[in-house]
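Hello,

Please find the structure below, followed by notes on what was found in it.

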Amino acid sequence: MTDFLPLNPAIAATCAPPVMEARRWLAGVTFPPDRPLINVSQAAPVDPPPLALRQAMADAALHRPEAHLYGPVLGNPDLRAAVAQEFSASYGGRVLPGQAAITQGCNQAFCAAVTTLAQAGDEVILPTPWYFNHKMWLDMQGIRAVPLPCGDGLLPDPDRAAALIGPRCRAIVLVTPNNPSGAEYPAWLVARFFDLAQSRGLALILDETYRDFDSRSGPPHDLPARPGWDRTVIQLYSFSKAYRLTGHRVGALITSEARMAQVEKFLDTVAISTAQLGQIGALWGIENLRGWLAEQRAEILSRRVATVAALSALPGWRVKSAGAYFAWVEHPFAASSADLARRMVAAIGVLALPGTMFVPPDDPAGPRHLRIAFANIDAPRIAALAARLRVFGG
């Protein structure tokens, strides 16, 4: 059937959602009981929030009438204050409640940030491999994503970024710990990008969705402690990974109070307000789950160690980077990862995303790599993953 309604060409040109595309590869494939599917395609937690948090949300649903109503567009004041306090303590700076907004997940925070910064025809620098939803939003808005290729260490180079800044560049985006590579950006590197962005009048969008699973102790950077930081930095955060609130869509955006007035316009138009139960759960998590979150972090870090060890032992395979929920792995085959990832489903019962989903079509790094999201598989399944990859013929 032909659809005769108008179609926005920017939407039509945007790639299909990669995770949904990968899930379609499972259609018609059966997995025997002795070799169940190992799904390392997505980083979302598969377990529900801890019982005590669910009970707090259930109690709110039953006994707090406001839990079913619209809330303030920029988020509930108590959660905004808690986020500001948490970020102030974590980075040794001063973040005010008026500088924090609550969004429907971190993706919406990114969309809000970009919408306040850029319009069609403008440019935003994205290190590659990039997080595909960032690229998709830019494509939908007619904003050119300028690729900044990372080297073998998967760290972006500020000098290379400086050479890419044109008259219509509006922002540089960093994701740390990184999705898809897992790379943790050193504090000195983040500081250099801050200095670059500040000197050129650009925004530095810092997506820290996975900050709770950073392997380092202490602040990963000091940007919120710098004078006038909020005139350059826009920080993004997600509660989905920390408290397993993926289905409730709760994220945060931190920026200047002046820009927040523009953010409010965007949020009011697309969602009016973030869901109340999710916000209530996020606040309860901040106030009560520090010990539990520390245990979750320790478990994820142990899975990182196990994944690096298991995959590094495979002949011809090379772990380029690993951290948070991800490993960026070079495979030993001549075929493109786009073909290999599809064949792995039926051949060895493994669902992973090809590197081609995270880079421009002409980037030679894409076909050579796979993203392995190891956070949802325990040590025995990590060993099973390595065993299956060992016998995979490419």
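**Gln-235 and its surroundings**

Gln-235 is part of strand β7, which covers residues 233-238. Please bear in mind throughout that this is a predicted model. With a relative accessibility of 0%, Gln-235 counts as buried, because buried means under 20%. Setting aside residues up to four places away in sequence, Gln-235 touches Phe-87, Tyr-91, Leu-206, Glu-208, His-221, Pro-224, Trp-229, Ala-252, Leu-253 and Ile-254. With Glu-208 there is also a polar contact, in which the two side chains come to 2.6 Å. Asp-207 is 28 residues from Gln-235 along the chain, yet their C-alpha atoms are separated by 6.0 Å.

**Thr-255 and Met-20**

Thr-255 sits in the loop between β8 (251-254) and α10 (257-270). The relative accessible area of Thr-255 is 0%, so this loop residue is buried. Beyond its neighbours within four places in sequence, Thr-255 is in contact with Gln-99, Asp-230, Val-233, Ile-234 and Met-260.

Met-20 belongs to helix α2, residues 18-24. Here the relative accessibility is 35%, so Met-20 counts as partly exposed. From Met-20 to Ser-41 the C-alpha distance is 10.0 Å, with the two positions 21 residues apart in sequence numbering.

**Salt bridges**

The count of salt bridges comes to 21. Three of them are described here.

One of these joins the side chains of Arg-170 and Asp-122, at 3.4 Å from N to O. Arg-170 is in strand β5 (residues 169-175) and Asp-122 in the loop between α5 (105-117) and β3 (123-128), so the bridge ties together parts that are 48 residues apart in sequence. As for exposure, Arg-170 counts as partly exposed at 28% relative accessibility, whereas Asp-122 counts as buried at 1%.

Another is formed by Arg-192 and Asp-159, whose closest N and O atoms are 2.9 Å apart. This pair links distant parts of the chain, with Arg-192 in helix α8 (residues 187-200) and Asp-159 in helix α7 (residues 158-164), 33 residues apart. Arg-192 has a relative accessibility of 35% and so counts as partly exposed.

In a further salt bridge, the side chains of Glu-330 and Arg-368 meet at 3.3 Å, N to O. Glu-330 lies in strand β10 (residues 326-330) and Arg-368 in helix α14 (residues 365-368), so parts of the chain 38 residues apart in sequence are tied together. Glu-330 counts as buried at 18% relative accessibility, while Arg-368 is partly exposed, with a relative accessible area of 35%. Both residues belong to one network, in which salt bridges that share partners join Asp-152, Arg-318, Lys-320, Glu-330 and Arg-368.

**Nonpolar cores**

Which residues touch the most other members of the largest nonpolar core? That core has 94 residues, and the ones in question are Leu-79, Val-83, Phe-193, Phe-239, Tyr-243 and Ile-372. Leaving out neighbours within four places in sequence, Leu-79 is in contact with Ile-102, Phe-239, Val-250, Gln-279, Ala-282, Leu-283 and Ile-286. Another core, of 31 residues, lies apart from the largest one and includes Val-73, Ala-101, Cys-111 and Leu-126.

**Strand β3**

Leu-126, a member of that 31-residue core, is also one of the residues of β3. In this strand, six of six residues are buried. Glu-123, Ile-125 and Pro-127 point one way from β3, and Val-124, Leu-126 and Thr-128 point the other way. β3 is joined by six bridges to strand β4 (residues 144-149), and the two run parallel. Within this pairing, Pro-127 stands opposite Leu-148 in β4.

**Annotated domain**

According to an unreviewed UniProt entry, the annotation "domain: Aminotransferase class I/classII large" covers residues 37-389. Over residues 37-389 the chain is 43% helix and 17% strand. The C-alpha atoms at the two ends of this stretch are 13 Å apart.

Regards

Notes: Residues numbered from 1 in each chain as written. Predicted model: local features only at pLDDT ≥ 70, side-chain atom pairs only at ≥ 80, totals over all residues. Heavy atoms only, no water. Helix = DSSP H or I, 4+ residues; strand = E, 2+ residues; numbered from the N terminus. Buried < 20%, exposed > 50% of the residue type's maximum accessible area, 1.4 Å probe, protein only. Contact = heavy atoms within 4.5 Å. Polar contact = N/O pair within 3.5 Å; in protein donor to acceptor, adjacent residues only side chain to side chain. Salt bridge = Lys/Arg side-chain N within 4 Å of Asp/Glu carboxyl O. Core = buried A, V, L, I, M, F, W, Y, C linked by side-chain atoms within 4.5 Å. UniProt positions renumbered as here; feature names shortened; annotations may be inferred. Pairing = 2+ DSSP bridges.
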